[in-house]
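The exercises below ask the reader to work through a protein model by inspection. Each task is followed by a solution in steps.

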Amino acid sequence: YTGKTGSQLFQERLLKMKVKDFQSIPVVIPENSSVYDAICSMFLEDVGTLFVVNENGKLIGIVSRKDLLRASMGKQDLEALPIGIIMTRMPNVTTCTAEDSMLEIANKLISKQIDGLPVVKKDDNGEYDVIGRITKTNITKAFVYIGAEE
Ligand code: ADP
């Protein structure tokens, strides 16, 4: 008998659940996209957050549903409005890595009050390749997974 409490065991279980085991496929758009393009991608790809990448495929920003709604409230021409003007830009994008635990990323989502994070890998120049997407839905899946365990 280890002498560990139930919550200690649960915490250990959570720390063992890694982002790489629960992440989804990222949806990225190029930085020269318009707000109109972004709305189409979000709708067609059925995601709540889009990652914006430069011509080298490196992460430069993120756009949420409400960013797009806000931009659509004005009288602007959405096809002429560049995504770069409305996105949340690096270095203000909160990221995670594939090795992070689900508990760490749940903490980030709650403390920053956001729905999702890009899963990134730093390249040799210190720029980020986007390798995944982790959202509240993935946390719900992890929750269901624990609940279904023997
Ligand atoms: P919504 O705006 O649709 O409710 P979020 O709560 O995820 O979706 O986004 C809230 C704000 O935070 C938006 O302006 C969005 O650009 C920004 N945001 C979303 N995800 C991140 C992130 N991982 N890092 C930094 N900012 C983010």
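## Exercise 1. The shell around the ligand

Task: In this predicted model, identify which of the 15 residues around the ligand come nearest, and describe the shell they belong to.

Solution.
- Step 1. The residues that come nearest to the ligand, out of the 15 around it, are Ser64, Arg65, Lys66, Thr88 and Asp115.
- Step 2. At least two residues of the shell are supplied by each of strand 3, helix 4 and strand 5.
- Step 3. By character, the shell residues divide into five nonpolar, six polar and four charged.

## Exercise 2. The overall layout

Task: State how many helices and strands the protein has, and give their order along the sequence.

Solution.
- Step 1. There are seven helices and six strands.
- Step 2. Read along the sequence, the pattern is α-α-β-α-β-β-α-α-β-α-β-β-α.
- Step 3. The C-alpha trace spans about 65 × 35 × 25 Å along its principal axes.
- Step 4. Of the 150 residues in the protein, 25% are buried.
- Step 5. Consider contacts between residues at least 6 apart in sequence: 60% of these join residues at least 24 apart.

## Exercise 3. The annotated spans

Task: Locate the residues covered by the UniProt annotation "domain: CBS" and describe each span.

Solution.
- Step 1. According to the unreviewed UniProt entry, the annotation covers residues 22-78 and 87-149.
- Step 2. Residues 22-78 are 37% helix and 25% strand, and the end C-alpha atoms of this span lie 34 Å apart.
- Step 3. Residues 87-149 are 38% helix and 27% strand, with the end C-alpha atoms 40 Å apart.

## Exercise 4. The four-stranded sheet

Task: Determine the order of the four strands in the open sheet, and explain why one side of strand 1 and of strand 4 is left without a neighbour.

Solution.
- Step 1. Strands of a sheet pair through backbone hydrogen bonds, and the pairing may be parallel or antiparallel.
- Step 2. In this open sheet the order is 1-2-3-4, with mixed pairing.
- Step 3. Strand 1 (28-30) and strand 4 each have a single partner strand and stand at the edges, so one side of each lacks a neighbour in the sheet.
- Step 4. Strand 1 and strand 2 run parallel and are joined by three bridges; Ile29 has Val52 as its bridge partner in strand 2.
- Step 5. Strand 2 (residues 49-53) and strand 3 (residues 59-64) run antiparallel, joined by five bridges. Here Val52 has Gly61 as its partner in strand 3.
- Step 6. Strand 2 and strand 3 form a hairpin with five residues between them, and Gly57 in the turn has a positive phi of about 80°.
- Step 7. Strand 3 and strand 4 (residues 88-89) run antiparallel, joined by two bridges. Ile62 has Thr88 as its bridge partner in strand 4.

## Exercise 5. The nonpolar core

Task: Find which residues have the most contacts inside the largest nonpolar core, and which elements supply it.

Solution.
- Step 1. This core has 26 residues, and those with the most contacts inside it are Ala38, Leu50, Phe51, Val52, Val63 and Ile83.
- Step 2. At least two core residues come from each of helix 3 (35-45), strand 2, strand 3, helix 4 (65-73), helix 6 (102-112), strand 5 (116-122) and strand 6 (128-135).
- Step 3. Strand 2 gives the largest share of the core, four residues.
- Step 4. Leaving aside its neighbours within four places in sequence, Val52 is in contact with Ile29, Glu31, Ile60, Gly61, Ile62, Val63, Ile83 and Met87.

## Exercise 6. Strands 5 and 6

Task: Explain why strand 5 is described as largely enclosed, and state how it pairs with strand 6.

Solution.
- Step 1. A residue is buried if 20 or more other C-beta atoms lie within 10 Å of its own.
- Step 2. Five of the seven residues of strand 5 are buried, and the strand is therefore largely enclosed by the rest of the structure.
- Step 3. Strand 5 pairs with strand 6 in the antiparallel sense over seven bridges, and Val120 has Val130 as its bridge partner in strand 6.
- Step 4. Strand 5 and strand 6 form a hairpin with five residues between them; Gly126 in the turn has a positive phi of about 80°.

Notes:
Residues numbered from 1 in each chain as written. Predicted model: local features only at pLDDT ≥ 70, side-chain atom pairs only at ≥ 80, totals over all residues. UniProt positions renumbered as here; feature names shortened; annotations may be inferred. Pairing = 2+ DSSP bridges. Core = buried A, V, L, I, M, F, W, Y, C linked by C-beta atoms within 7 Å. Buried ≥ 20, exposed ≤ 12 C-beta atoms within 10 Å, placed from the backbone. Contact = placed C-beta atoms within 7 Å. Near = placed C-beta within 6 Å. Nonpolar A, V, L, I, M, F, W, Y, C, P; charged D, E, K, R; others polar.
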